[in-house]
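Please open the structure in a viewer and keep the sequence panel visible beside it. The tour below proceeds by selections, each followed by a description of what is found there.

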Amino acid sequence: MSATTLDPKTALVVVDLQKGIVGLPTAHPSADVVAQSATLADAFRAKGLPVVLVRVTGGAPGRTEGPARSGQPAADWAEIVPELGPHEGDIVVTKQQWGAFYGTDLDLQLRRRGITQVVVVGIATSIGVESTARSAYEHGYHVTVATDAVTDMSAEAHDNSVERIFPRLGETDTTDAILKLLG
């Protein structure tokens, strides 16, 4: 982990902490990820910094070798977990693919607010979180991933993202370190 810096105009981007995702089996307890993310969200809100709550309601249309989804998801599958809100003033982004930028107005929402950096948290580390972090980096944002506020269905995939990918896209740190930087 590196020494993280936070820009004055930083947003928290919470990826897929919704009822249908947090119930999936994960390498690290999803309840811990939700708790760390909620703590960060409260701190960002207290500082008047944007909190972006991202949820997924569909999937990209391309063919894959992975298993196809079957059946209908539960009616509350896409609802953000209550620990996170949404609260008044939060930005809610609904996506149809892994990353939170493609096909959404997330970049526009951040640029209108003068945001130069994002802190990314959520599930799954190697899918929605990594895709969002990659896209944020490609859009020119400084990127920080709170490594104790992310998890994956695969411990190996999680470790690969945290150890090999995220350091190439920005900075990584813990929730406590980020909270200290927020003041």
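## Starting at strand 1

Strand 1 and strand 4 run parallel and are joined by 6 bridges; two strands count as paired if DSSP finds at least two bridges between them. The model is a predicted one, in which local features need pLDDT of at least 70, side-chain atom pairs count only at pLDDT 80 or more, and totals for chains, interfaces and linings use all residues. Residues are numbered from 1 along each chain as its sequence is written, and side-chain values use heavy atoms, with hydrogens and water left out. Helices (H or I, at least four residues) and strands (E, at least two) are DSSP runs, numbered from the N terminus.

Select strand 1 (10-15). T10 of this selection stands opposite Q117 in strand 4. Are the faces of strand 1 covered or open? Both are covered: T10, L12 and V14 on one side, and A11, V13 and V15 on the other, are all buried. Buried here means under 20% relative accessible area, exposed over 50%, and partly exposed in between (1.4 Å probe, protein chains only). Since 6 of the 6 residues of strand 1 are buried, the strand is largely enclosed by the rest of the structure.

## Across to strands 2 and 3

Next, select strand 2 (residues 51-56), where 5 of the 6 residues are buried. Strand 2 runs parallel to strand 1, and 4 bridges join the two. Two bridge partners can be displayed: L12 with V51, and V14 with L53.

Extend the selection to strand 3 (91-95). Strand 2 and strand 3 also pair in the parallel sense, over 5 bridges. Within this pairing, V52 stands opposite I91.

## The whole sheet

Now display every strand together. What is the order of the strands in the sheet? The open sheet of 6 strands has the order 3-2-1-4-5-6, with parallel pairing. Strand 3 and strand 6 (171-173) stand at the edges with a single partner strand each, so one side of each has no neighbour in the sheet. On average, neighbouring strands of this sheet are turned by 25 degrees against each other, direction ignored. Axes are lines fitted to C-alpha atoms, for helices over the stretch in contact, and angles run from 0 to 180 degrees between N-to-C directions.

Move to strand 4 (117-123) and strand 5 (142-151). These strands pair in the parallel sense over 6 bridges, and G122 has V150 in strand 5 as its bridge partner. Add helix 5, which packs on the sheet and touches strand 5 and strand 6; the direction of helix 5 makes about 165 degrees with that of strand 5.

## Helix 4 and its surroundings

Select helix 4 (residues 125-138), whose buried residues are T125, G128, V129, E130, T132, A133, S135 and A136. These residues pack against strand 1, strand 4, strand 5 and helix 5 (155-169); a contact means heavy atoms within 4.5 Å. Just after the helix, G140 takes a positive phi of about 95 degrees.

For a distance check, pick T147, which lies in strand 5 and counts as buried at 12% relative accessibility. T147 and S135 are 12 residues apart in sequence and 18 Å apart in space, C-alpha to C-alpha.

## An aromatic pair

Rings of Phe, Tyr and Trp (its six-membered ring) pair if their centres lie within 6.5 Å; planes under 30 degrees apart count as stacked, over 60 as edge-to-face and the rest as tilted. By this rule there is 1 aromatic pair. The rings of F101 and Y141 have centres 6.0 Å apart and planes at 35 degrees, so the pair is tilted. F101 lies in the loop between strand 3 and helix 3 (106-112), and Y141 in the loop between helix 4 and strand 5, so the pair ties together parts that are 40 residues apart in sequence. F101 is buried at 5% relative accessibility, and Y141 is likewise buried, at 3%.

## Stepping back

Finally, zoom out to the full chain, which contains 6 helices and 6 strands. Along the sequence, the pattern is β-α-α-β-β-α-β-α-β-α-β-α. Buried residues make up 47% of the 183 residues. The C-alpha atoms fill a box of roughly 45 × 35 × 30 Å, taken along the principal axes.
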